[in-house]
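Subject: Structure handover

Hello,

The structure is below, followed by notes on its empty space and its nonpolar cores.

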Amino acid sequence: MSAIAPIRPLLDLDLARTFVAICETGNFSRAAERVHRSASAISLQVKKLEEMLGRELFERETRKITITRDGELLLGYARRLLRLNDEAMAHFLVPDLAGSVRLGIPNDNGIVAMPDILRRFADSHAHVDVDVYLTTTSVLRERVRRGELDLAIFSYDPKEDNGKTPADIIHREPLVWVGARHGSAVEKRPLPVALAEPGCYWRADAIEALEGAELAYRIAYTSEFCQGQIAAVSADLAIAPLPASVVSDKLVRLGPDHGLPELPDYQMTLALRDGASPATKALGEHVVASFRAISQRGMRIFA
């Protein structure tokens with residue numbers, strides 16, 4: 001007769017959600033705001049979870065908390081459990097939306113990540129058609145204003161995005177100078193640079209930085225897509241301002257040690273057309289959640 005397997009306690013999804021919130025915010029108070037509980041209630045939940053597992057999940061210091069190795073292991077499990085729960089509940093509880101949504105995306109910004117994001121949206125909203133338009137951030141802004149797009153993702157600009165705050169940023173990644181490994185383009189003067197077309201924020205940031213540093217440069221290559229810039233850099237014909245995640249075995253990050261000015265982070269935000277439909281709002285919420293999940297997991301869109 002086979003032995004009866006011991007009955008193990010169940011990991012409460014409420015505890016899992018609180019634990020993930022603490023890990024992602026790095027702070028009990030901010031986590032409490034996210035899950036709509038008091039800080040003391042959060043502390044009790046963590047204590048209950050640690051007692052249940054018999055492990056310490058955080059190293060507590062005066063001003064900060066640090067996740068332990070056991071905590072890191074649990075974080076992966078907790079995220080998987082919550083994702084499965086959310087997928088299951090979305091399948092049964094999300095309203096059966098229908099219609100079409102016109103979505104605008106910058107030529108390169110997020111193109112790698114978007115197919116998977118849109119596939120998962122289609123899984124839960126099978127009757128919503130998403131029409132995708134690719135162009136520059138400046139054109140996307142204008143098309144949203146004119147009502148020609150229902151939803152658009154573009155580079156965050158505090159001057160343009162009146163009323164938005166850093167909390168509206170859905171993704172952030174360093175913008176860096178990139179050159180060919182063991183290349184010599186960075187040593188040339190005027191400095192040859194490969195840039196996107198006018199209207200791209202990466203181009204504007206790069207030019208402003210170069211002129212602010214009074215560094216002689218010439219625009220050697222212009223490309224609508226960053227793949228064209230990467231090709232020019234790989235051939236050691238120019239350097240380019242690109243997201244840090246394009247750095248690879250063939251491409252290296254350049255900076256002040258090479259006489260180059262620092263570049264700002266690039267940040268992404270999202271805008272909805274006035275009077276957006278329920279389908280548009282649902283897609284917007286899905287896109288925001290997806291990009292924030294990518295950022296929180298430490299993943300990079302252009303990896």
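The second largest cavity holds about 30 Å³ of space, in a predicted model where local features need pLDDT of at least 70, side-chain atom pairs count only at pLDDT 80 or more, and totals for chains, interfaces and linings use all residues. Residues are numbered from 1 along each chain as its sequence is written, and side-chain values use heavy atoms, with hydrogens and water left out.

On a 1 Å grid over the protein atoms alone, a cavity is a set of points where a 1.4 Å probe fits but cannot get out, and a pocket is an open set with protein on both sides within 12 Å along at least five of seven lines; lining residues have an atom within 4 Å of a point. The whole structure has 2 cavities of 30 Å³ or more. Lining the second largest are Leu15, Thr18, Phe19, Gln45, Val46, Leu49, Leu57 and Phe58. Helix H1 (13-25) and H3 each give two or more of these residues.

The second largest pocket has about 300 Å³ of space. Its lining includes Arg8, Leu57, Asp70 and Tyr77. Helix H4 (69-93) gives the most to that lining, with 4 residues.

The largest nonpolar core (buried Ala, Val, Leu, Ile, Met, Phe, Trp, Tyr and Cys residues joined through side-chain atoms within 4.5 Å; buried means under 20% relative accessible area with a 1.4 Å probe, protein chains only) has 54 residues, and Ile153, Trp177, Ile239 and Phe291 have the most contacts inside it. Helix H9 (residues 278-296) gives the most to this core, with 6 residues. Another core, of 19 residues, lies apart from it and includes Ala16 and Leu74.

Regards

Technical notes:
Grid points are joined across faces, edges and corners, and a volume is the space filled by probe spheres set on the points. Buried means under 20% relative accessible area, exposed over 50%, partly exposed in between (1.4 Å probe, protein chains only).
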